[in-house]
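Colleague: I am new to this structure and would be grateful for a close look at one part of it, with enough of the whole to find my way. Please choose a part in which several kinds of detail can be read together.

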Amino acid sequence: MMKALLREPGTKRFVLLAIAFALLTVPLGRVHPVFALLSVVPASLIAYLLCDVISRIVFGKEFIFVSKFGLNRPEEKAAIKRSDYVLTLVCAMLVIIGLFLVGEGCDRFHGTDVWKWDLPWFK
């Protein structure tokens, strides 16, 4: 399953980019916690792969990330099901959660509270 996904040239580039950004996030996160934003690429790769595995196991089809900006190819548009809309929402939430987890880790490394939410109802 993963081998077929990794055979696509676009996915290979995405994996290499995610590895490079993950390797840069940790040392640069020690410099300043704002570099945790680099972790959005590895977080999106992990979220996409998790949603793809869930889609293949539960629904028996590959996961197609639904784009509202016209980025899906015509054959992808024809294959999009309701499950893809739900998994797209799950994928986006996983990316945001991953981003904040890495941000909190960078805060701990640097000893600051850049990623802290200072909202009154969270106190």
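Modeller: What follows begins with the whole protein, then turns to one helix and the loops that flank it.

The structure is a predicted model, in which local features need pLDDT of at least 70 and side-chain atom pairs count only at pLDDT 80 or more, while totals for chains, interfaces and linings use all residues. Residues are numbered from 1 along each chain as its sequence is written, and side-chain values use heavy atoms, with hydrogens and water left out.

The protein contains 5 helices and 0 strands (DSSP runs numbered from the N terminus: H or I of at least four residues for a helix, E of at least two for a strand). Along the sequence, the order of these elements reads α-α-α-α-α. Of its 123 residues, 31% are buried (under 20% relative accessible area; exposed is over 50% and partly exposed in between, with a 1.4 Å probe and protein chains only). Among contacts between residues at least 6 apart in sequence, 53% join residues at least 24 apart (a contact being heavy atoms within 4.5 Å). The protein exposes about 8,400 Å², and carbon and sulfur atoms supply 71% of that area (Shrake-Rupley method, 1.4 Å probe; for residues, only the protein chains shown count as cover).

The part chosen for the close look is helix α3, which covers residues 40-59. Within this helix, the side chains of Asp 52 and Arg 56 meet in a salt bridge with an N to O distance of 2.8 Å (a side-chain nitrogen of Lys or Arg within 4 Å of a carboxyl oxygen of Asp or Glu). Asp 52 and Arg 56 are separated by about one helical turn, because they stand 4 residues apart in helix α3. The two partners can also be described by their accessibility. Asp 52 has a relative accessible area of 0% and is therefore buried, whereas Arg 56, with a value of 27%, is partly exposed.

Ser 55 belongs to helix α3 as well. Its relative accessibility is 0%, so Ser 55 counts as buried. Apart from residues up to four places away in sequence, Ser 55 touches Gly 60, Lys 61, Glu 62, Phe 63 and Leu 87.

One of those contacts, Lys 61, leads to another salt bridge. The side chains of Lys 61 and Asp 84 meet with an N to O distance of 2.7 Å. This pair links distant parts of the chain, with Lys 61 in the loop between α3 and α4 (74-79) and Asp 84 in helix α5, 23 residues apart. Lys 61 has a relative accessible area of 18% and therefore counts as buried. Asp 84 is buried too, because its relative accessibility is 0%. By the rule given above, the count comes to 2 salt bridges.

On the other flank of the helix is Leu 37, found in the loop between α2 and α3. Its relative accessibility is 45%, so Leu 37 counts as partly exposed. Leaving aside neighbours within four places in sequence, Leu 37 is in contact with Leu 99 and Trp 115. Phe 21 is 16 residues from Leu 37 in sequence, and their C-alpha atoms are 9.6 Å apart in space.

Leu 37 also joins Val 31, Val 34 and Phe 35 in a nonpolar surface patch of about 330 Å² (patch residues have over 30% relative accessible area and no salt bridge; like charges are joined within 9 Å, nonpolar side chains, namely Val, Leu, Ile, Met, Phe, Trp and Tyr, within 5 Å).

Phe 35, a member of that patch, is also touched by Gly 29, along with Cys 106 and His 110, when residues up to four places away in sequence are not counted. Gly 29 is placed in helix α2, residues 9-31. With 0% relative accessibility, Gly 29 therefore counts as buried. Asp 107 is 78 residues from Gly 29 in sequence, but the C-alpha atoms of the two are 7.9 Å apart in space.

Taken together, the region can be read from one flank to the other. The loop between α2 and α3 holds the partly exposed Leu 37, helix α3 holds the buried Ser 55 and the bridge between Asp 52 and Arg 56, and the loop between α3 and α4 holds Lys 61, paired with Asp 84 of helix α5.
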